[in-house]
Amino acid sequence: MQEESVQPQKAENQAAPSSLEGELAEARAKLAEQREQMLRAVADADNARKRAQAEASNAQKYALERFANGLLPVLDSLEAAVKSADLSGVGLVLRQLAAALDKANIREINPAAGERFDPHRHQAMAAVESPGEPNTVVSVMQKGYSLAERVLRPALVTVAKAVEKQAGNPISDTDLD
């Protein structure tokens, strides 16, 4: 009878290795599948990165295309005005250029006389004595321009400064009289 009890144990031991081998094969197949999925995900991410870099490069390269297309008619009109030597066309060219700059969101910085001096938008070229309020614009030497909120070129201005006393002691502010 002992032989019969030994027989079922051997059968169980033989069945166990085959099920372990099956589980091992199944685990290896699952691992290979997951590895393949990971490699595909890495390749997809790499392709997306390369695509984004190419798009950014093209956007940077051709960023001014719309602006340049707006300036081409201005150039054509200016060349025609120069060839004809007719100065009446120059006003038209100036209006076309102003419209092209406006479409590109480029705005003039042209402060009016008496406007407060803004060091972020204006550059003081000279300071003159003026009976008006100090640190205000007296005159504009050259207009400035801004693109959206960024200053491309500040306006070159003359700024008012306070009038100094004419007849006085330079050491103290008392009159000599």
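Here are some exercises on a predicted model, each with a worked solution.

## Exercise 1: The overall plan

Find how many helices and strands the protein has, and in which pattern they follow each other along the sequence.

**Solution.**
- Step 1. Go through the secondary structure: there are three helices and six strands.
- Step 2. Now read along the sequence, and the pattern comes out as α-α-α-β-β-β-β-β-β.
- Step 3. Turn to contacts between residues at least 6 apart in sequence: 55% of these join residues at least 24 apart.

## Exercise 2: Surface and interior

Work out what share of the residues is buried, and what part of the accessible surface belongs to carbon and sulfur atoms.

**Solution.**
- Step 1. The protein has 177 residues, and buried ones make up 12% of them.
- Step 2. Its accessible surface is about 14400 Å².
- Step 3. Carbon and sulfur atoms account for 55% of that surface.

## Exercise 3: The largest pocket

Rolling a probe the size of a water molecule over the atoms shows where empty space is left. Describe the largest pocket: what is its volume, and which residues line it?

**Solution.**
- Step 1. Start with the volume, which is about 250 Å³.
- Step 2. List the lining: A63, L64, R66, F67, G70, A100, K103, A104, I106 and L147.
- Step 3. Match the lining to the secondary structure. Two elements, α2 (65-84) and α3 (88-103), give two or more residues each. The biggest contribution is from α2, with three residues.
- Step 4. Sort the lining residues by class: seven are nonpolar, one is polar and two are charged.

## Exercise 4: The second largest pocket

Do the same for the second largest pocket, and find which element gives the largest share of its lining.

**Solution.**
- Step 1. The space in this pocket is about 170 Å³.
- Step 2. Its lining consists of L94, L97, A98, L101, D102, I106, R107, E108, K143 and Y145.
- Step 3. The elements that give two or more residues here are α3 and β1 (106-109). With five residues, α3 has the largest share.
- Step 4. By class, six lining residues are nonpolar, four are charged and none is polar.

## Exercise 5: The nonpolar core

In soluble globular proteins, nonpolar side chains tend to be buried together. Name the residues of the largest nonpolar core and the strand that gives the largest share.

**Solution.**
- Step 1. The core has five residues: I109, V137, A155, V157 and V159.
- Step 2. Strand β6 (residues 155-161) supplies three residues, the largest share of this core.
- Step 3. Look closely at one member, A155. Setting aside residues up to four places away in sequence, A155 touches I109, P111, R121, H122, Q123, Q142, K143 and G144.

## Exercise 6: Two neighbours in a strand

Take V137 and V138 in strand β3. Decide for each whether it is buried or partly exposed.

**Solution.**
- Step 1. V137 has a relative accessible area of 2%, so it is buried, since buried means under 20%.
- Step 2. V138 has a relative accessible area of 34%, so it counts as partly exposed.
- Step 3. Compare their contacts beyond four places in sequence. V137 touches P111, A112, A113, G114, E115, F117, H122, V157 and T158. V138 is in contact with A113, V128, T158, V159 and A160.
- Step 4. Check two distances between C-alpha atoms. V137 and A127 are ten residues apart along the chain and 9.3 Å apart in space. V138 and E115 are 23 residues apart in sequence, with 8.2 Å between them.
- Step 5. Now visit T158 in strand β6. T158 is buried, at a relative accessible area of 8%. Its contacts beyond four places in sequence are A126, V128, T136, V137, V138, S139 and M141.

## Exercise 7: Positive phi angles

Most residues other than glycine have a negative phi. Where do N135 and A148, which have a positive phi, lie?

**Solution.**
- Step 1. Read the angles: phi is near 60° for N135 and about 55° for A148.
- Step 2. Locate N135: it is in the loop between β2 (122-129) and β3 (137-142).
- Step 3. Locate A148: it is in the loop between β4 (144-147) and β5 (150-153).
- Step 4. Check the exposure. N135 is partly exposed because its relative accessibility is 42%. A148, at 40%, is partly exposed too.

Definitions and conventions
Residues are numbered from 1 along each chain as its sequence is written. This is a predicted model: local features need pLDDT of at least 70, side-chain atom pairs count only at pLDDT 80 or more; totals for chains, interfaces and linings use all residues. Side-chain values use heavy atoms; hydrogens and water are left out. Helices (H or I, at least four residues) and strands (E, at least two) are DSSP runs, numbered from the N terminus. Buried means under 20% relative accessible area, exposed over 50%, partly exposed in between (1.4 Å probe, protein chains only). Contact means heavy atoms within 4.5 Å. Accessible areas come from the Shrake-Rupley method with a 1.4 Å probe; for residues, only the protein chains shown count as cover. On a 1 Å grid over the protein atoms alone, a cavity is a set of points where a 1.4 Å probe fits but cannot get out, and a pocket is an open set with protein on both sides within 12 Å along at least five of seven lines; lining residues have an atom within 4 Å of a point. Grid points are joined across faces, edges and corners, and a volume is the space filled by probe spheres set on the points. Ala, Val, Leu, Ile, Met, Phe, Trp, Tyr, Cys and Pro count as nonpolar, Asp, Glu, Lys and Arg as charged, and the others, Gly among them, as polar. A nonpolar core is a set of buried Ala, Val, Leu, Ile, Met, Phe, Trp, Tyr and Cys residues joined through side-chain atoms within 4.5 Å.
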